[in-house]
Amino acid sequence: MSEITVFTAAKIHTMNLPLPNATAVAVRDGMIIEVGTLETLRPWLEAYPHRIDDRFLGKILLPGFIDPHLHPSMAAILLPMHFITAMEWRLPDRVVPPVRGHNAYFNRLKEIESSLSDPLEPLMTWGYHQIWHGRMNRASLNAISTERPIVVWQRSYHEIIANDAALTWMDLDAEELARHPQIDVDDGRFFESGKAIATSAMSNYLLAPERFIHGLKLTKKAVHAGGHTTIADLTGGLFDNEEEWQALSDILDTDDTPFRVQMIPAGNRKAEGIGTEEDALKWVKTRVERNTDRLFYRDHVKLFADGGFFAELMQVQEPGFIDGHHGEWLMPPEFFESLARTFWNAGYKIHVHCTGDLGVELALDVLEKLQWERPRVNHRFTIEHFGLSTPEQVRRIADLGALVSCNIYYVHELGDAYWKNSIGYERASQMSRLGTLAHYNVTTALHSDFTMAPAQPLYSAWVAVNRLSANGEILAPTERISLNAALQAITINAAYVLGMEHEIGSIRAGKKADFTVLEADPFEIPVKELKDIPILGTVFEGTPYENVQSL
């Protein structure tokens, strides 16, 4: 039998209600034997060989942080790009200063183009948003270069803009593009399903082994630096090909990876076009054949309602957007319902990408119908993102027994911008409403959707308890939640959303020995300083991993 290791700390916040605080935790073979004090652990220590590891003496331990909605492959594609963003970004290999204003954005893009030595090397940039950077289109990019392919990836992952050279490089059929409802050829704009066509055309470049593996290594550093010990990939493989899975396995399924990845596949694969809902179900069921200790599928599936929140393509109830434009559906509502029924009846836990309040309404209408047809308890139907909603919808979420996994970062980056440019103050200030969810006792997790938000759970928790916009406005203070609730949302509640609450998310006997090590106690500092607490490292299944990368 292996030796017991006892980690001691100034304080251990267990996120376990019966025993919320401790100073020592005993670990054997990657599992927690008992948590408490050296005195209360004495029966174990007298019975078995053990050692005291005091490397965390004076530090704070929490359960290993969990991000229940993050995209390793998407991040691997975007991180090697040139970032031009309205907010500062701290990445594993650089700090990106903020750029705002049309001229500033255009000049930065020209500066990058001029710095490239190969005149035919594609220029890929991420972070553009019309509210901060003005209008960009095919003609704007042609003014920078007509020879070099230039692709501007919008701040969401849901939209790109390409110049003439990029369209030629993609080698797409012009007549087919002209017929597609989510492609504007004149502007060089591809969005939602149209963007998928462009992405597929660029896949040889985006997934080139050297480039993609470099991006995955950067993602791995970012995930560890954020203090994660578990993340979930909410498309369960973005491209769904063997090359992608091999790269994920080579980089993330290794002994030096201090976190695990639950893969949650997109259920619409194998069902769009010539496939059927049953084809999709059969395909999802085969995913578990790939499972390893660090990369694994379970009984979860992801479906999609409306479009991207950063792209302003969410479906919004009246009075709609100020400028009168409309959102987009990622699945036709009738197809969403049919596909949801297939997975519901098969017992799957369904996660639904919903960004606008009309998207939430569709998801709840379908859930209510499914509950009527075939009632299920503890079904874990989860609303993902939860950008815009109404208080009445929250009450209905509670009534239907659904969960919420929320991107609270929307409040910080988009609160001011959407107030003044998109949907007005009332709805913008109340986006990602957490206080109402807490009032109705809806189990809620926080996620990053990285790179839609930094892969830093303490940053998400900071937004949740402060609701400070980028300009320092407190937006809808009644929608703030307590510090304890925010920490639950990145630990035990996130584990619950993933169906892993019996294994991770709190520090108690019988769970995996996953801890996040903090320099300061979140409960002993002003909440406005929460995001700045240094993360010193993690313990993953009993093995310490020092954080050598501070973002």
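So, Val261 first: in this predicted model, Val261 stands opposite Leu295, a residue of strand β17. The strand pair behind that is β16, residues 260–263, and β17, which run parallel to each other and are joined over three bridges.

Those two belong to an open sheet of four strands, and the order is β6-β15-β16-β17, with parallel pairing. At the edges you'll find β6 (65–70) and β17; each has a single partner strand, so one side of each is left without a neighbour in the sheet. From one strand to the next, the twist averages 20°. There's a helix on this sheet too: α11, residues 242–252, packs on it and touches β16 and β17. Its direction makes about 130° with that of β17.

Okay, on to another sheet. Here we have five strands, again open, in the order β18-β19-β20-β21-β22, and the pairing is parallel. Which strands are at the edge? β18 and β22 (444–446), each of which pairs on one side only. The twist from one strand to the next averages 25° in this five-stranded sheet.

Let's zoom in on one pair there. Strand β19 covers residues 349–354, strand β20 covers residues 382–385, and they pair in the parallel sense over four bridges. If you want a spot to click on, try His353, which stands opposite Glu384 in β20. Lying across β19 and β20 is helix α14, residues 357–373, and it runs at about 155° to β19.

Now for some side chains. How many salt bridges does the count come to? It comes to 29, and I'll walk you through a few.

Take Glu503 and Arg298: they form a salt bridge whose closest N and O atoms are 2.7 Å apart. Glu503 lies in the loop between α21 (492–497) and β23 (515–518), while Arg298 lies in the loop between β17 (295–297) and β18 (300–304), so this pair ties together parts that are 205 residues apart in sequence. As for accessibility, Glu503 is partly exposed, with a relative accessible area of 22%. Arg298 also counts as partly exposed, at 31%.

There's a network as well: Glu3, Arg51, Asp53 and Arg55 are joined into one by salt bridges that share partners. One of the links is Asp53 with Arg55, where the closest N and O atoms are 3.0 Å apart. Is Asp53 buried or exposed? Its relative accessibility is 5%, and the cut-off for buried is under 20%, so Asp53 counts as buried. Its partner Arg55, at 48%, counts as partly exposed.

One more salt bridge: the side chains of Arg42 and Glu39 meet at 3.5 Å, N to O. Arg42 has 38% relative accessibility and counts as partly exposed, whereas Glu39, at 53%, counts as exposed.

Last stop, Pro119. You'll find it in the loop between α3 (102–115) and β10 (123–128). Pro119 counts as partly exposed because its relative accessibility is 48%. What does Pro119 touch, leaving aside neighbours within four places in sequence? Glu147 and Arg148 are in contact with it. And to give you a sense of distance across the model, the C-alpha atoms of Pro119 and Gly472 are separated by 43 Å, with their positions 353 residues apart along the chain.

Technical notes. Residues are numbered from 1 along each chain as its sequence is written. This is a predicted model: local features need pLDDT of at least 70, side-chain atom pairs count only at pLDDT 80 or more; totals for chains, interfaces and linings use all residues. Side-chain values use heavy atoms; hydrogens and water are left out. Buried means under 20% relative accessible area, exposed over 50%, partly exposed in between (1.4 Å probe, protein chains only). Contact means heavy atoms within 4.5 Å. A salt bridge is a side-chain nitrogen of Lys or Arg within 4 Å of a carboxyl oxygen of Asp or Glu. Two strands pair if DSSP finds at least two bridges between them. Axes are lines fitted to C-alpha atoms, for helices over the stretch in contact, and angles run from 0 to 180 degrees between N-to-C directions.
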